[in-house]
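Here is a short report on one protein model. It starts with a helix and then turns to the domains and the ligand.

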Amino acid sequence: MKEPARILVIGGGYVGMYAALRLQRKLKRELRHGGVQVIVVDPEPYMTYQPFLPEAAAGSISPRHVVVPLRRVLPDCTVVIGEATAIHHGKRTATVRTLATEEEGTGTVDIHYDELVLAPGSVSRALPVPGLAEFGIGFKTVEEAIGLRNHVLEQLDIASSTRDPDVRDAALTFVFVGGGYAGVEALGELEDMARYAVRYYHNIAPEDLKWILVEATDRILPEVGEEMGKYAVRELRGRNVDVRLETRLDSCADRVAALSDGSRFPTRTLVWTAGVKPHPILAATDLPLNERGRLKCTAALQVEGVEHAWSAGDAASVPDLTADRPDAVCAPNAQHAVRQAKVLAANVAAAIAGQPLTDYAHKYAGSVASLGLHRGVAHVYGRKLKGYPAWFMHRVYHLSRVPTFNRKARVLSEWILSGLFKREIVSLGSLENPRAEFKLAADTGRHPGAS
Ligand SMILES: Cc1cc2nc3c(=O)[nH]c(=O)nc-3n(C[C@H](O)[C@H](O)[C@H](O)COP(=O)(O)OP(=O)(O)OC[C@H]3O[C@@H](n4cnc5c(N)ncnc54)[C@H](O)[C@@H]3O)c2cc1C
């Protein structure tokens, strides 16, 4: 019997999940009859809807509703929970490490394919700043968002119970580096949440909290344009957020954030959102990369100069056919990732059927960003909005975009409930160490004298 044509999708994020969804629909018959097989590999069993991470950090949406279970939405695909560690496209082979291979001690497994969709996205672009690797945290995953929420609430508990003014000051100082939407939205939502939470602390006033946004260029939120970016700076400063433009973080060694303008802030919270870089797995392939380490792709989303390899999203450098400059490439954002994924899947199906391919062309429509509850900025299709209307638009837009009806209904009901009831303000940081209590009990049992 003839082997099925195998399409291997590395990464189940925006590009991977949407491409697999589209392939599942387009190749329904072939998948059912065994003519084609789609395998999706991702270290996590879910796709993360990243634009909702700031709201998850603020507690407006529960963490499990910002993720989409891959197995549920991709019933006709094979989902492998694992991490690709290398790709040898010449041999049409991807090397994958899974939990099972680790458990069995076999290390990795090789998966052969006929068509490769490589979509591992990007990782935080951390610079060699002293102390950053030890004390910094990124804001790209649901684990980071929830970890940060718990951490911020924990700092309020520390500040409220310490007698040492230095410890208190450091606990109440929150430094965010990077003024793109990840950093600004995360700061806006967490500041809002913390200001609300301190009403339940008898010895912390909102003015005691120090929020600092450090941005190397002269503007924040470039995605919403200059005018709305300036508005966002005014809005944040009006809330007592210390926005420092044209400033860099020089060091955060010993938990002191030292900035290029000479100021120093002892802090226990340093959030790094100063840009992204292509995923390091790309360097472990024999595929062509551009000078920034992204996969060189054609407008039809094929990897340049090789056959049967496709890419899109943050990992790919795709020509922007709508731009005036001929060398312009699409920016790494969800707007392009989703649309590229759909064209990519259609082209993979067309290539298998021997049909012509379509070029990707989408003019960036603009952006919406939330600055906390009831506050936002938007610049979409030439229209500029700020304050409540922009925030409302942000919610409507993302509700319409979050995948599956199930998720939309759950997110909407959470928003309605959080409008009716008070916010949750407890830190569940101990969830990160669930065995601690039992371990203590077991240790005390072994050494009865110990208390
Ligand atoms: C906080 C935040 C807010 C954002 N807000 C917006 C917004 O409002 N609007 C907007 O347009 N964009 C926004 N973005 C950007 C947007 O989320 C990204 O551009 C988009 O996710 C890119 O899609 P992707 O498929 O390339 O990567 P991802 O969605 O990141 O998917 C990559 C996937 O690959 C998997 N993977 C990684 N390594 C491996 C490996 N070795 N093997 C197998 N799988 C692997 C990952 O687990 C992940 O599931 C935001 C990003 C963040 C972090």
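Tyr388, Pro389, Val396 and Ser400 of α12 are exposed. They lie on the other side of the helix from the buried residues Ala390, Trp391 and His394. Those buried residues cover an arc of only 100 degrees around the axis, which puts them on the same side of α12. Their cover includes strands β22 (366–372), β23 (375–380) and β24 (383–386).

The model is predicted. The length of α12 can still be checked against its residue count. Helix α12 (residues 388–401) has 14 residues and should span 20 Å at 1.5 Å a residue; its end C-alpha atoms are 20 Å apart, so the two agree.

The domain assignment gives two parts, listed here.

| Domain | Residues |
|---|---|
| domain 1 | 5–122 + 277–352 |
| domain 2 | 132–274 + 366–420 |

The centres of domain 1 and domain 2, taken over C-alpha atoms, are 30 Å apart. Contacts link 21 residues of domain 1 with 25 residues of domain 2. On the domain 1 side, α3 (53–58) and β4 (67–69) each give two or more residues. The largest share, six residues, comes from α3. By class, this side has 14 nonpolar, six polar and one charged residues.

Which residues are closest to the ligand? They are Gly11, Gly13, Gly121, Gly313 and Asn333, among 33 that surround the ligand. Domain 1 and domain 2 each supply at least three residues of the shell. Elements giving at least two include α1 (14–26), β2 (36–42) and α11 (334–352). The shell has 18 nonpolar, 10 polar and five charged residues.

Conventions:
Residues numbered from 1 in each chain as written. Predicted model: local features only at pLDDT ≥ 70, side-chain atom pairs only at ≥ 80, totals over all residues. Near = placed C-beta within 6 Å. Helix = DSSP H or I, 4+ residues; strand = E, 2+ residues; numbered from the N terminus. Nonpolar A, V, L, I, M, F, W, Y, C, P; charged D, E, K, R; others polar. Domains from an automatic or database assignment. Expected span 1.5 Å × (residues − 1). Buried ≥ 20, exposed ≤ 12 C-beta atoms within 10 Å, placed from the backbone. Arc of directions from axis to C-beta. Contact = placed C-beta atoms within 7 Å.
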